[in-house]
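Got your viewer open? Let's take a short walk through this one, starting with the whole chain and then zooming in on a single pair of neighbours.

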Amino acid sequence: MTIRQIVKYFLIWQIFIVVVTLLSPSFFPLRQSSLGGTFSLYRKNPLLYSRGNFEGTHYINISQKDYGYAEQSIFPMYPRLIHSLKFLIPDPYLAGVVISLISFLAGLIILNKLLSLDYSPVIVKWTILALLFFPTSFFFGGVYTEGLFFFLVVASFYFARTRHWILAVLLAAAATNTRLIGIVLLPSLIIEMWHQGQATVRKFLPVLLIPLGLISYMWYLQHTTGNPLAFITVTDIRIVLPYQVLWRYLKMIASVGPSNLAYPTLMLEGMVGIMFLVTSIYSFIKHRLSYAVFNSLVYLIPTLTGNFISLPRYVLICFPSFILAGQLLATSKLGRVLAFTIFITSLTVFLMMFVSGYWVS
């Protein structure tokens, strides 16, 4: 795909999000209690401030006031970038959206270059379209880390694949300062280096610098809270196997009726849990080992909490799973019709819910 084509699809995606956001009050009543202190801002400009619902408010708080109670699970890179733009873009919500959108667009352009190393243009096209219209893709353009983290991940892999290892390591280190899950780039890129036959001592040692982003945040936590692992201790993490979580979701779905507004979210979490478990396993058959390891770890680690809450957002980074979707869509017109009917319908419903103050992911 050309950059012009990617920008075209990106703009269509954003126009779609704007239109759905404007239509959402006609379908879902605004849940003011979920918006809290941002309700007055929301009424002023819902197109902007709805993009920072729920966790987005924590990124804004950190960018303005530093860390508050139980916010240490949020890594500093994204809120620090918002803070750094305060003189250029005074509104932190707007700054967050600008960072997310620019990062995501850059990530799509680099993903195109990365996939073009191995796949045909038609597979690349459908992979990108599947990602753009996935039911939770609106998080890429919100006050969330998804857009920035996506860029850092795919750029790390692209520069590793093209053997620009210093750039790959620097971007991966930035990823570990953006999200905890960024640390899975360490084993993934070590495997990629080994796969390329590049694992000499001179080239291998710089890869060990990938955790510097995480280490720097741990150093900060040690000096501010006395606990370098505060990002873990504020989160309930247990070892729960995926089949146990799936069984739990089957029971919850059976006990919650379709009329309950929690039902669509439970269904989304359950379906995403199954789909990405299957694609993570299948990735070991179809993809490079570094891709498969990254995909499976990004999927598995969030499930250690014993549920799939937020998983539909977290899996947006699982680009190998979307490659599998692109490969399937490229070969079946019927598959494309069915998949995008489901994707666009689901994206519409869940976006309307999210901007109206209902928990989605």
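Color the protein chain by secondary structure and you'll find 20 helices and zero strands. Keep in mind that what you're looking at is a predicted model.

Now zoom out until the whole chain fits. The C-alpha atoms fill a box of roughly 60 × 55 × 45 Å along the principal axes. How does the radius of gyration fit a compact globule? For 361 residues, such a globule would come out near 21 Å, and this chain has 20 Å, so the two agree.

Next, switch on a surface and think about what lies beneath: 54% of the 361 residues count as buried. Contacts reach along the sequence too. Take those between residues at least 6 apart in sequence, and 75% of them join residues at least 24 apart.

Time to zoom in. Select residues 77-84, which is helix α6, and then residues 92-115, helix α7. The two pack with their axes 9 Å apart, at an angle of about 120°, which makes α6 oblique to α7. Turn the view to look through one helix at the other: the crossing of α6 and α7 is right-handed.

Which residues meet here? On the α6 side, show the side chains of Tyr78, Leu81 and Ile82. On the α7 side, pick Pro92, Ala95, Gly96, Val97, Ile99 and Ser100. Color this contact by residue type and you get seven nonpolar residues, two polar and no charged.

Notes. Residues numbered from 1 in each chain as written. Predicted model: local features only at pLDDT ≥ 70, side-chain atom pairs only at ≥ 80, totals over all residues. Heavy atoms only, no water. Axes fitted to C-alpha atoms, helices over the stretch in contact; angles between N-to-C directions. Helix = DSSP H or I, 4+ residues; strand = E, 2+ residues; numbered from the N terminus. Parallel < 35°, antiparallel > 145°, perpendicular 65-115°, else oblique. Left-handed = near helix turned anticlockwise from the far one by under 90°. Contact = heavy atoms within 4.5 Å. Nonpolar A, V, L, I, M, F, W, Y, C, P; charged D, E, K, R; others polar. Rg over C-alpha atoms; globule rule 2.2 N^0.38 Å. Buried < 20%, exposed > 50% of the residue type's maximum accessible area, 1.4 Å probe, protein only.
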